[in-house]
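Trainee: I'd like to practise reading a fold feature by feature. Could you walk me through one?

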Amino acid sequence: MDKNQGYSILKAVMLENGRGFALGHHPTAPSPYVTWACYDDKDGQRQYEWGHYGNNLAAMEKDFSARVQDYQRLYHVEIVQTEAPGLYKYYSTQRPVDIGTFPKPSHNAPDEIVNYDQRIPVEGGAFPAWGHLTYTRPLTEKQAADYELRPAPGNPDRPRPIAQQMREAGTLAKEKALDKVLESPSPRRGRDREER
């Protein structure tokens with residue numbers, strides 16, 4: 001993960017207009033937590049500005065969420081990428097992970113490289129793999145394909161399975177129906193008023 005002014009970036013959210021926000025930690029700083037506004041410059045380097053500093057992680061996580069939500073509300077932009085150490089996982093399905101067997105994009109070196117003792121079934125037996133790597137930011141489809149890496153189904157940039165989408169849609173429909181029932185006036189209450 002990136003560092004800025006000695007603070008390790010714990011997580012970052014990037015929005016569709018190229019702006020974003022980051023949460024950082026520096027264990028020996030007078031204020032060990034910070035949230036920054038951020039953006040990537042023309043050279044792909046992350047730039048940080050407008051820091052809010054604090055001593056309490058929970059309070060600063062709330063500040064981070066509030067800054068993202070306020071910005072989204074003001075500028076009507078969606079989140080396009082969430083970054084955190086080890087957030088994007090890729091399986092090496094054809095060979096153990098070794099020199100020259102994985103991509104090293106600038107500003108996105110692997111956070112973790114794990115080789116298994118042998119090729120084993122992963123993701124509940126969905127497919128076999130020799131090992132995995134984790135990255136802070138997602139790889140492009142070409143980068144993964146060039147090294148025969150398979151993204152983990154749970155990566156934030158992966159489409160959710162249809163069954164999960166259907167369950168979420170069903171739950172949302174039930175909640176909306178319940179809201180309508182609770183909002184509509186009771187016919188009995190209306191009659192009571194007319195009778196009086």
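**Reading the strands and the helix**

Mentor: Let's start with one pair: Arg 19 has Tyr 39 as its bridge partner in β4. Keep in mind that this is a predicted model.

Trainee: How many bridges join β3 to β4, and do they run parallel or antiparallel?

Mentor: The general idea is that strands of a sheet pair through backbone hydrogen bonds, in either a parallel or an antiparallel way. Here β3 and β4 are antiparallel, with seven bridges joining them. β3 also pairs with β2, again in the antiparallel sense, over six bridges. Within that pairing, Ala 12 is matched with Ala 22 of β3.

Trainee: What connects β2 and β3, and which residue in the turn has a positive phi?

Mentor: The two strands make a hairpin with three residues between them, and Gly 18 in the turn has a positive phi of about 90°.

Trainee: Is β3 mostly covered or mostly open?

Mentor: Mostly covered: five of its seven residues are buried. For a single residue, try Ile 9, which sits in strand β2. Buried means under 20% relative accessible area; Ile 9 has 2%, so it counts as buried. Ile 9 also shows how sequence and space can part ways: Glu 83 is 74 residues away in sequence, yet their C-alpha atoms are 9.3 Å apart.

Trainee: And Asn 4: buried or exposed?

Mentor: Buried, because its relative accessible area is 17%. Asn 4 belongs to strand β1, residues 3-4. Beyond its neighbours within four places in sequence, Asn 4 is in contact with Trp 36 and Tyr 48.

Trainee: Now the helix. Which residues of α1 are buried?

Mentor: First the general idea: an α-helix has 3.6 residues a turn, so residues three or four places apart point the same way. In α1, the buried residues are Met 60, Phe 64, Arg 67, Val 68, Tyr 71 and Gln 72. They lie on the same side of α1 because they cover an arc of only 125° around the axis.

Trainee: What do those buried residues pack against, and what is on the face turned away?

Mentor: The buried residues pack against β2, β3, β4, β5 (46-54) and β6 (79-83). The face turned away from the buried side carries the exposed residues Lys 62, Arg 73 and Leu 74.

Trainee: How many residues does α1 have, and how far does it reach?

Mentor: α1 covers residues 57-75, which is 19 residues, and spans 27 Å from first C-alpha to last, close to the 27 Å expected at 1.5 Å a residue.

Trainee: What happens at the ends of α1?

Mentor: At the N-terminal end, Asn 56 acts as a cap, with a side-chain oxygen 2.9 Å from the backbone nitrogen of Ala 58. Just after α1, His 76 takes a positive phi of about 55°.

Trainee: Which strand order does the open sheet have?

Mentor: The order is β8-β9-β7-β10, four strands with antiparallel pairing. β8 and β10 are the edge strands, each pairing on one side only. Neighbouring strands in this sheet are turned by 30° against each other on average, direction ignored.

Trainee: Which bridge partners can I look up there?

Mentor: Glu 112 is partnered with Thr 134 in β9; seven bridges join β8 to β9. Tyr 91 is partnered with Arg 150 in β10, and three bridges join β7 to β10. Have a look at the β8 and β9 hairpin too: it has four residues between the strands, and Glu 123 takes a positive phi near 50°.

Definitions and conventions:
Residues numbered from 1 in each chain as written. Predicted model: local features only at pLDDT ≥ 70, side-chain atom pairs only at ≥ 80, totals over all residues. Heavy atoms only, no water. Buried < 20%, exposed > 50% of the residue type's maximum accessible area, 1.4 Å probe, protein only. Contact = heavy atoms within 4.5 Å. Expected span 1.5 Å × (residues − 1). Arc of directions from axis to C-beta. Polar contact = N/O pair within 3.5 Å; in protein donor to acceptor, adjacent residues only side chain to side chain. Pairing = 2+ DSSP bridges. Axes fitted to C-alpha atoms, helices over the stretch in contact; angles between N-to-C directions.
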